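Visitor: I've got some questions about this fold. Could you walk me through it?

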Amino acid sequence: MTVTGPKGFRAAGVAAGIKASGALDLTLVVNDGPLDVAAGVFTRNAVKAAPVLWSQEVLKQQKLKAVVLNSGGANAATGPGGFQDTHATAEKVADVLSVGAIEVAVCSTGLIGERLPMAAVLSGVDSAAKALDASPEGSLNAATGVMTTDTKPKQAFAKHDNGWSAGGFAKGAGMLAPNLATMLSVLTTDAVVDKETLDRALRAATRVTYDRLDVDGGTSTNDTVLVLASGASGVEPSEAELTELLTAVAHDLVLQLRADSEGATKDVDVTVKGAASEADAVTVARTIAEDNLVKTAFFGSDPNWGRIAMATGRSAARVEPDKLSITVNGVTLFTAGTTGEDRTAADLSGRAIDLVVDLGLGDGTATVYTTDLSHAYVEENSAYSS
């Protein structure tokens, strides 16, 4: 069990008819309490989808009874009508669960620019409410109902020695360059926690997990990460303990998202250390992760450190070439401003690539998780809307 692994939660995923394929496309997650504490982080993209705008308002109270999510349509760039559709969805969930609409978050994912088939959405809410349960099947169906180009559901769960736990699911295979949040993800915990602590713990966790995943440089219009706390375990962990477990669950999900990202044949960890600050380390790592020349070299299993040096140098961070070193899969190919070991010594034939860039300027460090750029990625995204 994942999203329903922590006590106090039920979930369901149903085929509402939003997708022409007949696949699962509507998910409902319910917090049965006794607490209804919640927190969320959202995309910083200026073009925010209607469900993002709705859920941001809802989360100002930092409490949720339920989250409803649909795939098959992003409900983004749909104007006032799209916002009305989101409101109507929340009202429907509120009606079937006997809660307030202001206690219901809404998330959507899929093609941008089209209105949702609301008859299917609203009838799907009825079906999902009837299917709610706390079983592993409920968790799996919930995780499956949010998939778009994903090939498999992503779920994670972790339990603390003191008896409380955290779990969740996520979706996302393309348009992956989160800025505060990532794609769609719902996390749950049965810990006893107050609003402020939960919010800080979520932001600390997302900062080093979701916000460090960068597959293609595209920050989605719909990115949302929500965490719901039921308090059903009766255990109140410290803030550090809560942050650690949420981070572990989020990190697990991030690695699953990367592994299933569109067309990926390489899983690349870009670690920058020795930066003048953590912000500089993130800047360099993200620049490298998004660079198409670097990504295509990785696709070809080519340890082309010159491209990595180029990407490092064009970043907005402080870089001094004579202090720079580049190590790929344990082989230092560039050091102190000049060529290091023979590039043929770096074996990139496997799926995992570990890139370490040492700027030699300070204590700042960060890791960004990325992939290569393959033929399959281009082909899939060139035909996505059709």
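**A walk through the model**

Guide: Let's start with Asp267: outside its neighbours within four places in sequence, Asp267 is in contact (heavy atoms within 4.5 Å) with Arg258, Ala259, Arg351, Ala352, Ile353 and Thr370. Keep in mind that this is a predicted model, where local features need pLDDT of at least 70, side-chain atom pairs count only at pLDDT 80 or more, and totals for chains, interfaces and linings use all residues. Residues are numbered from 1 along each chain as its sequence is written, and side-chain values use heavy atoms, with hydrogens and water left out.

Visitor: What is the relative accessible area of Asp267?

Guide: Asp267 lies in strand E10 (residues 267-275); strands (E, at least two residues) and helices (H or I, at least four) are DSSP runs numbered from the N terminus. Buried means under 20% relative accessible area, exposed over 50%, partly exposed in between, using a 1.4 Å probe and protein chains only. Asp267 counts as buried, and its relative accessible area is 16%.

Visitor: Within what arc do the buried residues of H4 fall?

Guide: Helix H4 spans residues 136-144, and Gly138, Ser139, Ala142 and Ala143 are buried there. Seen down the axis of H4, they line one face of the helix, because the directions from the axis to the C-beta atoms fall within an arc of 130°.

Visitor: And which strands help cover the buried residues of H4?

Guide: The cover includes strands from two stretches of the sequence listing: E1 (9-14) and E2 (26-31), plus E6 (154-159) and E7 (165-171).

Visitor: Which strands stand at the edges of the five-stranded open sheet?

Guide: That sheet has mixed pairing and the order E3-E9-E8-E7-E6, where two strands pair if DSSP finds at least two bridges between them. Two of its strands each have a single partner, so one side of each is left without a neighbour in the sheet: E3 and E6.

Visitor: What stands opposite Leu187?

Guide: Strand E8 (residues 184-189) and strand E9 (residues 224-229) run parallel, joined by six bridges. Opposite Leu187, in E9, is Val227.

Visitor: Where is the non-glycine residue Asn75, with its positive phi?

Guide: Asn75 has a phi of about 50° although it is not a glycine. Asn75 is also buried, with a relative accessible area of 1%. Its place is the loop between strand E4 (66-71) and helix H2 (79-97).

Visitor: What is omega for the cis peptide bond at Pro34?

Guide: Pro34 is found in the loop between E2 and strand E3 (37-42). The cis bond joins Gly33 and Pro34, with omega at about 20°.
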